[in-house]
Amino acid sequence: MGQEMADPDEVRQESDRFSLRSNLFVPASAERAYAVFTGSLADWWVREYTWSGPQALAALGVEPRAGGMLYEIGPYGFRNDWGRVLTWDPPRRLVFTWQIGPDRVPVPDPAGASEVEVLFHPEGPELTRVEVEHRYFDRHGTAAEGYREALTAGWHELLCRYLATVARTT
């Protein structure tokens with residue numbers, strides 16, 4: 001599966017104390033950009049960022065509906081849900097909880113989770129501006145600012161891989 005990265009300069013980021021915003025342009029329609037983001041997660045997500053690790057990871061996915069889960073399936077069919085879809089509005093908008101704590105421990109209570117919103121703005125027939133905002137880091141407690149700083153690099157790498165996957169599969 002493709003784990004290559006796009007040019008790092010193609011993902012722009014800005015942040016404040018408790019949120020991170022990333023922007024990039026992908027060479028695809030909004031429909032295709034949304035489909036790759038949600039339906040091909042395993043093709044662009046960094047496997048080292050999973051609990052199972054690159055060798056034992058069996059699947060990554062998003063259940064395509066509001067209330068659906070973002071999940072990982074590891075060895076022996078072990079499943080770990082790490083987010084819940086709050087808004088499923090293809091091909092325009094996706095919002096989900098980020099139920100992974102700063103210590104990489106699952107956060108079962110969504111009230112203690114941050115949130116990710118992804119917007120897909122068509123800029124032409126085969127060009128989409130994708131905005132990703134990871135917000136409410138303050139819900140992660142005293143480690144919030146450090147966690148946002150760590151995820152700034154994490155999201156940058158993820159989105160470079162996402163862009164490369166879209167470009168490769170379009």
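User: Buried means under 20% relative accessible area, exposed over 50%, and partly exposed in between. Where does that put Y34: buried or exposed?

Analyst: Y34 has a relative accessible area of 2%, so the residue is buried. One caution before going on: this is a predicted model.

User: Noted. How much of the whole protein is buried?

Analyst: 49% of the 170 residues count as buried.

User: Let's step back. How many helices and strands are there?

Analyst: The protein has four helices and eight strands. Read from the N terminus, the order is β-β-α-α-α-β-β-β-β-β-β-α.

User: How compact is the fold for its length?

Analyst: As compact as a globular protein of that length, because the radius of gyration is 15 Å and the globule rule gives 15 Å for 170 residues. The C-alpha trace spans about 40 × 40 × 30 Å along the principal axes.

User: What share of the contacts is long-range, say 24 or more positions apart?

Analyst: 53%, taken over contacts with a separation of 6 or more.

User: And the surface? How much area does the protein expose?

Analyst: About 8,000 Å². Carbon and sulfur atoms supply 53% of that area.

User: What about charges? How many positive and negative side chains are there?

Analyst: 17 positive and 25 negative. The centres of the two sets lie 3 Å apart.

User: Back to Y34. I see lots of rings around there. How many aromatic pairs are there?

Analyst: The count is 14 aromatic pairs, taking rings with centres within 6.5 Å as pairs. One of them joins Y34 and W88.

User: Which type is the Y34 and W88 pair, and why?

Analyst: Edge-to-face, because the planes stand at 80 degrees, and the cut-off for that type is over 60. The ring centres are 5.3 Å apart.

User: Where do those two residues sit?

Analyst: Y34 is in helix α1, residues 30-39. W88 is in strand β5, residues 79-89. The two are 54 residues apart in sequence, so the pair ties together distant parts of the chain.

User: Is W88 buried or exposed?

Analyst: Neither: at a relative accessible area of 24%, W88 is partly exposed.

User: Give me another pair. What do F37 and W44 look like?

Analyst: F37 and W44 form a tilted pair. Their centres are 4.9 Å apart, with 45 degrees between the planes. F37 counts as buried at 3% relative accessibility. W44 counts as buried too, at 0%.

User: Which residues do the ring pairs link into a cluster?

Analyst: Y34, F37, W44, W45, W82, W88, F96, W98, F120, W155 and Y162.

User: Change of topic: backbone oddities. Which peptide bond is cis?

Analyst: The bond from P90 to P91 is cis, with omega near 0 degrees. P91 lies in the loop between β5 and β6, the latter being residues 93-98.

User: What about phi at R104?

Analyst: Phi of R104 is near 65 degrees, a positive value in a residue other than glycine. R104 sits in the loop between β6 and β7, with β7 at 114-124. At 40% relative accessibility, R104 counts as partly exposed.

User: And Y136? What is its phi?

Analyst: Also near 65 degrees, and positive in a residue other than glycine. Y136 lies in the loop between β8 (127-135) and α4 (144-169). Its relative accessibility is 34%, so Y136 counts as partly exposed.

User: Now T97. Where is that one?

Analyst: In strand β6. T97 is buried, with a relative accessible area of 5%.

User: What does T97 touch, beyond four places away in sequence?

Analyst: W82, G83, R84, L86, P110, A113, S114 and E115. Take A113: this residue is 16 residues from T97 along the chain, and their C-alpha atoms are separated by 6.2 Å.

User: Last one, P102. Where is P102 found?

Analyst: In the loop between β6 and β7. P102 is partly exposed, at 35% relative accessible area.

User: How far is P102 from L119?

Analyst: Their C-alpha atoms are separated by 25 Å, and the two are 17 residues apart along the chain.

User: So what is P102 in contact with, leaving aside neighbours within four places?

Analyst: H140, A143 and Y147.

Notes:
Residues are numbered from 1 along each chain as its sequence is written. This is a predicted model: local features need pLDDT of at least 70, side-chain atom pairs count only at pLDDT 80 or more; totals for chains, interfaces and linings use all residues. Side-chain values use heavy atoms; hydrogens and water are left out. The radius of gyration is taken over C-alpha atoms; the globule rule is 2.2 Å times the number of residues to the power 0.38. Buried means under 20% relative accessible area, exposed over 50%, partly exposed in between (1.4 Å probe, protein chains only). Contact means heavy atoms within 4.5 Å. Accessible areas come from the Shrake-Rupley method with a 1.4 Å probe; for residues, only the protein chains shown count as cover. Lys and Arg count as positive and Asp and Glu as negative; His and the chain ends are not counted. The place of a charge is taken as NZ of Lys, CZ of Arg, CG of Asp or CD of Glu. Rings of Phe, Tyr and Trp (its six-membered ring) pair if their centres lie within 6.5 Å; planes under 30 degrees apart count as stacked, over 60 as edge-to-face and the rest as tilted.
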